[in-house]
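Good morning, colleagues, and thank you for the time on the agenda. I would like to take you through one protein model, beginning with confidence and then turning to its contacts and ion pairs. Please keep the structure open in front of you as I speak.

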Amino acid sequence: MRQLAERYGTPLYVYQLAEVRAAAAALRAAVPEEARLFYSLKANPHPAVVGELVRAGLSSEVSSTAELAAALTAGQSPADCIMTGPGKTVAEVDDALIRGVRTFSLESEVDYARLADSARRHAMTADILLRLNAGSAAGRGTGLRMTGAATQFGMPVRTALDIIEQARGGGPLTPIGLHLFPATNLQTEADLLAEFTLSIDTAANLLYRARLSAGLVDIGGGFAAPFARPGARADYSGLRERLGGVLDERLPGWRSGQPRVAFESGRYLTATCGTLLTTVLDVKTSGGITYVVLDAGVNALGGMSGLGRILAPSVQPAGGPATGRAPNGGNRISLVGTLCTPLDVLSRSADIEVPRIGDVLEIPNVGAYGVTASLMGFLSKPVPAEVVVERDGSVVGARRLKLLEVNLDPDGADRPARNTALV
């Protein structure tokens, strides 16, 4: 990868398509073969990565106009896209309908009313899933709890029942099923099965109460993968059989598509494909800590930690620099970036030897929630480049995202000819 760093500079994200294919195959093998799989573009919307998953037969879950554009650019049919997320704007809904999206996951009565109004204005119809904020398998290990508590995601069962009854009164929206997603990054098969079982129970109970013959039940994801440290995707080799048994018991008819069961994943499918290459700019010691200053900080990776909202990502480079160097004399090694804030920390205690200035470190497993989940605008630093490579090392594509200054006309319209790159 050193040659890629020399060619494109650092910080540099490298995505390996062979690993994307391997992850898709592993996920397909982990869930029942009758299930439908969605790729959540929020993890990594790079068109080359999305395109590889489209070719693997996955549908796309999108939460913005830009994500939808990326999916369509990658070759996804709008009929195989589902738009999700709280707080969908009128513009986002209009754009999705015009582009051909016909399935939406709705999170509230307002979400329902907004989509219905848009569909009427465009003389279109749409299918809807109702996302539930239902229970969760309390005490189970998870990276992030999405439902089972007071959150902005989903709706109570009572609200879902009310919307289903309202839709039965006529209108452009047809309820076809349910959407549940209680948690993310569940490390063990037992934890994942517990969450799925509870979601399946919740779905079965609501479908019975609503007298709804569902066409699709999306029970979400939670499939785990390491982040910014060496490691492999979680092993769910025993999940398919156990999960199939739960579905047979709670949702009979699912194997023949009544309802069709779906799962979604972003992290599991893309995390292990990505490596961040970063150059050591300085090495200095202060207060018994050796600070390794990198050209990649929270502007390039783990950006929300730079806002003090979450913990530093505890980055652990793969392998580290060349072996055989002198130990660090017991000093703790802290990996930091170049931003003017003490929160620009990638690791407060990295397990590596002290690198030399000019060394290129490799941070593994950052294909999910990397560059497009970072603080790209802070201090007007250049955004990391992204390179996609095949197994033989050949470059499929290379790009660098840019923030633009866009001059607006008095009516609010862009004036593209005067756009100026900010970074």
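The model is predicted, and its pLDDT averages 89 over the protein, with 89% of the residues scoring at least 70. Two stretches call for caution. Residues 138-149 have a pLDDT below 50, and in the model this stretch makes 41 contacts beyond near neighbours in sequence. Residues 322-326 also fall below 50, and there the corresponding number of contacts is 8. Where pLDDT is low, the predicted coordinates should not be read in detail. I therefore ask that the 41 contacts of residues 138-149 and the 8 contacts of residues 322-326 be treated with that reservation.

Let me now give the overall composition. The protein contains 10 helices and 20 strands. It has 423 residues, of which 52% count as buried. If we take the contacts between residues at least 6 apart in sequence, 70% of them join residues at least 24 apart.

I turn next to helix 9. This helix has 12 residues and spans 16 Å from its first C-alpha to its last, close to the 16 Å expected at 1.5 Å a residue. Which residues of helix 9 are buried? They are L239, L243, G244, V246 and L247. These residues lie on the same side of helix 9, because they cover an arc of only 160° around the axis. On the other side of the helix, E241 and E249 are exposed. The cover over the buried residues includes helix 2, helix 8, which comprises residues 189-210, and strand 11.

Just after helix 9 comes a residue to which I would draw your attention. R255 sits in the loop between helix 9 and strand 11. Its relative accessible area is 43%, so R255 is classed as partly exposed. Leaving aside neighbours within four places in sequence, R255 is in contact with E34, G244 and D248. One of these, G244, is among the buried residues of helix 9 that I have just listed. R255 and P32 are 223 residues apart in sequence, yet their C-alpha atoms are 9.0 Å apart in space.

That brings me to the salt bridges. How many are there in the model? The count comes to 21.

The contact between R255 and E34 is one of them: their side chains meet in a salt bridge, at 3.1 Å from N to O. This pair links distant parts of the chain, 221 residues apart, with R255 in the loop between helix 9 and strand 11, and E34 in the loop between helix 2 and strand 2. E34, at 23% relative accessible area, is partly exposed.

A second example is the pair of E52 and R21, whose side chains form a salt bridge at 3.0 Å, again from N to O. E52 belongs to helix 3, residues 47-55, and R21 to helix 2, residues 17-30; the two are 31 residues apart. Are these partners buried or exposed? E52 counts as buried, at 10% relative accessibility, whereas R21 is partly exposed at 32%.

A third example is K42 with E61, where the closest N and O atoms are 3.1 Å apart. K42 lies in the loop between strand 2 and helix 3, and E61 in strand 3, so this salt bridge ties together parts that are 19 residues apart in sequence. K42 is partly exposed, at 35% relative accessibility, while E61 is buried at 1%.

Some of the salt bridges share partners, and in this way R21, E52, R55 and E390 are joined into one network.

Allow me a brief word on one strand residue. T103 is found in strand 5, which covers residues 103-106. With a relative accessible area of 14%, T103 is buried. Beyond its neighbours within four places in sequence, T103 is in contact with C81, I82, M83, D127 and I176.

Finally, the cysteines. A disulfide is a covalent bond between the sulfur atoms of two cysteines. The structure holds 0 disulfides. As for the setting of individual cysteines, C273 is buried, at 0% relative accessibility, whereas C340 is exposed, at 67%.

Thank you; I would be glad to take your comments.

Note on methods. Residues are numbered from 1 along each chain as its sequence is written. This is a predicted model: local features need pLDDT of at least 70, side-chain atom pairs count only at pLDDT 80 or more; totals for chains, interfaces and linings use all residues. Side-chain values use heavy atoms; hydrogens and water are left out. A salt bridge is a side-chain nitrogen of Lys or Arg within 4 Å of a carboxyl oxygen of Asp or Glu. Helices (H or I, at least four residues) and strands (E, at least two) are DSSP runs, numbered from the N terminus. Buried means under 20% relative accessible area, exposed over 50%, partly exposed in between (1.4 Å probe, protein chains only). pLDDT is the predictor's confidence in each residue, from 0 to 100. Contact means heavy atoms within 4.5 Å. The expected span of a helix is 1.5 Å times one less than its number of residues. The arc is that of the directions from the helix axis to the C-beta atoms. A disulfide is a pair of cysteine sulfur atoms within 2.5 Å.
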